[in-house]
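Colleague: Please take a close look at one part of this model for me. I would also like to hear how that part sits among the elements around it.

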Amino acid sequence: MSSTELPETRTAAASSASRTRAVRVAEGEELRSVALPGLTLTVRARPGNRPGLPPALYVHGLGGSSQNWSALMPLLADHVDGEAVDLPGFGDSPPPDDGNYSVTGHARAVIRLLDAGGRGPVHLLGNSLGGAVATRVAAVRPDLVRTLTLVSPALPELRAQRTAWPTALLAVPGVASFFARLTKDWTAEQRVKGVLALCYGDPGLVTDEGLRHAVEEMERRLELPYFWDVMARSSRGIVDAYTLGGQHGLWRQAERVLAPTLLVYGRRDRLVSYRMARRAAAAFRGSRLLTLPEAGHVAMMEYPETVAQAVRDLIADDGGS
């Protein structure tokens with residue numbers, strides 16, 4: 001792949017002044033923009049601590065971004081050369097030209113990124129929607145995935161928790177725009193605290209600095225003209241994926257995954273039911289299961305050290321770095 005086919009622009013943590021309303025870049029991270037036909041993806045890189053480490057790719061969940069992995073990535077930098085992608089329309093990635101926000105569309109974007117960069121096979125990690133996307137990638141392109149780590153993956157549930165219903169309702173046409181109008185007077189801080197209450201087992205784990213950064217990011221996102229449309233279409237994509245049967249069903253694809261798999265579930269998860277952990281452990285052959293009693297939906301942000309150690313063990317058993 002020539003450089004003209006994969007143009008990139010890099011933004012180091014110390015030199016993001018050229019960006020208007022810039023996305024936050026933590027020390028040791030850098031952003032780059034990867035332009036593909038009909039698609040531009042922002043990638044957050046956390047280089048490994050030494051040359052020659054195997055590559056890893058992190059995929060965030062609905063409403064999230066590559067920043068969701070900033071706590072975990074440095075803890076794994078001694079084992080992998082890490083990159084986290086902003087899925088199309090999220091984070092700093094603009095909407096795709098085709099407007100496809102289905103799980104398959106997001107998976108296709110991840111596959112195209114990996115193929116274009118020649119980084120596969122990677123240690124692939126996904127949370128929530130990103131877990132469903134990573135499952136699909138691992139099933140259809142096993143050559144691209146060395147190990148698979150899924151944190152509260154959004155796999156189909158017959159009886160979703162009531163606390164997850166509002167997210168599903170965003171998939172109904174008109175609901176997202178109605179909610180946007182209904183909450184137009186909410187401050188960014190009010191919105192963030194609502195998200196934290198839904199996603200964290202204990203929102204008190206969030207530091208004052210972490211809250212400030214999250215509010216700043218929420219303010220940035222609310223200025224994007226496509227914010228609510230992307231949320232609605234991606235929510236619809238998850239609902240549609242839940243209804244797919246046959247070989248395209250996510251549970252059927254989970255059974256096809258060949259990569260060694262780590263499953264991480266929080267007992268306080270209000271979006272993905274903890275009761276799905278046992279079914280997932282049975283579906284992913286030879287998988288290992290980490291359950292965190294106090295964690296919610298984003299264990300890699302709530303308990304990054306514990307999750308990092310489990311990932312290190314997975315990588316070590318796969319042959320190390």
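**Where α1 meets α2**

Modeller: Let's begin with the residues that meet: Val103, Thr104, His106, Ala107, Val110 and Ile111 of α1 touch Leu129, Ala132, Val133, Arg136, Val137 and Val140 of α2, where contact means heavy atoms within 4.5 Å. By class, this contact of α1 with α2 has nine nonpolar, two polar and one charged residues. Here Ala, Val, Leu, Ile, Met, Phe, Trp, Tyr, Cys and Pro count as nonpolar, Asp, Glu, Lys and Arg as charged, and the others, Gly among them, as polar.

A word on what you are looking at. This is a predicted model, in which local features need pLDDT of at least 70 and side-chain atom pairs count only at pLDDT 80 or more, while totals for chains, interfaces and linings use all residues. Residues are numbered from 1 along each chain as its sequence is written, and side-chain values use heavy atoms, with hydrogens and water left out.

Now the geometry. Helix α1 covers residues 103–117 and helix α2 residues 129–140; they pack at an angle of about 65°, with their axes 9 Å apart. The axes are lines fitted to C-alpha atoms, for helices over the stretch in contact, and the angles run from 0 to 180 degrees between N-to-C directions. The crossing of α1 and α2 is right-handed, that is, the near helix is turned clockwise from the far one by less than a right angle, whereas anticlockwise would make it left-handed. Helices (H or I, at least four residues) and strands (E, at least two) are DSSP runs, numbered from the N terminus.

The stretch that leads from one helix to the other deserves a stop at two places. In the loop between α1 and β6 (122–127) sits Pro121, and the peptide bond from Gly120 to Pro121 is cis, with omega near -5°. In the loop between β6 and α2 you will find Ser128, which has a positive phi of about 55° although it is not a glycine. Most residues other than glycine have a negative phi, and most peptide bonds are trans. Ser128 is also buried, at a relative accessible area of 10%; buried means under 20% relative accessible area, exposed over 50%, and partly exposed in between (1.4 Å probe, protein chains only).

Within α2 itself, have a look at Gly130. Gly130 is buried, with a relative accessible area of 0%. Leaving aside neighbours within four places in sequence, Gly130 is in contact with Val59, His60 and Gly61. The C-alpha atoms of Gly130 and Ala154 are 7.8 Å apart, although 24 residues separate the two along the chain. Another serine with positive phi, Ser152, has a value near 45°; Ser152 belongs to the loop between β7 (145–151) and α3 (165–169), and at 1% relative accessibility it counts as buried.

One of the contacts of Gly130, His60, leads us on to Ser65. Ser65 touches His60, Asp86, Gly91 and Arg221, not counting residues up to four places away in sequence. Ser65 lies in the loop between β4 and β5 and is buried, at 1% relative accessibility.

That loop also takes part in an aromatic pair, one of two in the structure. The ring centres of Tyr58 and Trp69 are 5.3 Å apart and the planes stand at 45°, so this pair is tilted. Rings of Phe, Tyr and Trp (its six-membered ring) pair if their centres lie within 6.5 Å; planes under 30 degrees apart count as stacked, over 60 as edge-to-face and the rest as tilted. Tyr58 is in strand β4 (residues 55–59) and Trp69 in the loop between β4 and β5 (81–85), so the pair ties together parts eleven residues apart in sequence. Tyr58 and Trp69 are both buried.

Arg221, a contact of Ser65, is among the buried residues of α6, along with Leu211, His213 and others. The buried residues of α6 pack against α5 (188–199) and α7 (227–243).

To step back, the protein chain has eleven helices and nine strands, and 51% of its 321 residues count as buried. Of the chain's contacts with a separation of 6 or more, 74% are between residues 24 or more positions apart.
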